[in-house]
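Subject: The structure you asked about

Dear colleague,

I am passing on the structure we spoke of, and I would ask you to open it beside this message as you read.

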Amino acid sequence: MKNILWVCLMAASLSCHADDVSAGRAKADVACALCHGPNGVATLPNAPNLAGQQAFYVSEQLKNYRSGKRQNEVMGLIAKPLTDAEITQLAAWYSAIKVSVELP
Ligand code: HEC
């Protein structure tokens with residue numbers, strides 16, 4: 001019984017995660033891609049890459065910009081209207097992008 005419950009919880013969180021990724025992608029295409037790139041690799045020299053970034057880190061930074069704990073004129077304005085749900089979705093999207101690294 002306990003195992004069945006566990007499997008159900010896992011399945012629910014997985015499908016929820018997939019929904020977050022696609023909702024995050026749709027939001028990012030409109031609100032973030034101009035600077036952070038459609039694939040999370042920044043298109044502006046002063047904007048950081050977000051592809052493959054830890055979801056926890058992305059959501060913490062967005063909350064910090066939103067609260068003013070982290071100060072940046074552009075990101076402060078962009079983060080201000082974001083809801084917690086949107087932040088979760090955006091973080092899910094950027095962390096779901098697979099990156100590979102090549103050492104110099
Ligand atoms: C007009 C360009 C622009 C847009 C649009 C934009 N950003 Fe940014 N973003 C920046 C810049 C520039 C920084 C670096 C700010 C700093 O120095 O703190 C940044 C920083 C960030 C960081 C911190 C990354 C780190 O490495 O600490 C996150 C997370 C982020 N942006 C997410 C987003 C999301 C999500 C959106 C869309 C809702 C978005 N940004 C839209 C320009 C932009």
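What follows is an account of what was found in it, going from the overall layout to the helices, the core and the ligand.

Please keep in mind from the start that this is a predicted model. The secondary structure of the protein comes to 5 helices and 0 strands, and from the N terminus on the elements therefore read simply as α-α-α-α-α. Of the 104 residues of the protein, 20% count as buried, and among the contacts with a separation of 6 or more, 61% are accounted for by residues 24 or more positions apart.

A good place to begin is helix H3 (55-67), which has 13 residues and reaches 18 Å from its first C-alpha to its last, close to the 18 Å expected at 1.5 Å a residue. Its buried residues are Val 58, Ser 59, Gln 61, Leu 62 and Tyr 65. Seen down the axis of H3, these buried residues fall within an arc of 160°, so they line one face of the helix. The face turned away from that buried side carries the exposed residues Phe 56 and Ser 67, while the cover over the buried residues of H3 includes H4 and H5. Just after H3 comes Gly 68, whose phi is positive, near 90°.

Which elements give two or more residues to the largest nonpolar core? That core has 12 residues in all, among them Ala 28, Leu 50, Leu 62, Tyr 65, Ala 79 and Trp 93, and the elements in question are helix H3 and helix H5 (84-96). The largest share, 6 residues, comes from H5. In soluble globular proteins, nonpolar side chains tend to be buried together. The buried residues of H5 include Ile 87, Leu 90, Trp 93 and Tyr 94, but also Thr 88, Gln 89 and Ser 95. Ala 79, another member of the core, is in contact with Leu 62, Tyr 65 and Arg 66, once its neighbours within four places in sequence are left aside.

Finally, there is the ligand, which has 18 residues around it, and of these Ala 31, Cys 32, Cys 35, Pro 48 and Asn 72 come nearest. The elements that give two or more residues to this shell are helix H1 (2-31), helix H2 (33-36), H3 and helix H4 (73-79). The residues of the shell divide into 14 nonpolar, 4 polar and no charged.

With best wishes

Key:
Residues numbered from 1 in each chain as written. Predicted model: local features only at pLDDT ≥ 70, side-chain atom pairs only at ≥ 80, totals over all residues. Core = buried A, V, L, I, M, F, W, Y, C linked by C-beta atoms within 7 Å. Buried ≥ 20, exposed ≤ 12 C-beta atoms within 10 Å, placed from the backbone. Helix = DSSP H or I, 4+ residues; strand = E, 2+ residues; numbered from the N terminus. Contact = placed C-beta atoms within 7 Å. Near = placed C-beta within 6 Å. Nonpolar A, V, L, I, M, F, W, Y, C, P; charged D, E, K, R; others polar. Expected span 1.5 Å × (residues − 1). Arc of directions from axis to C-beta.
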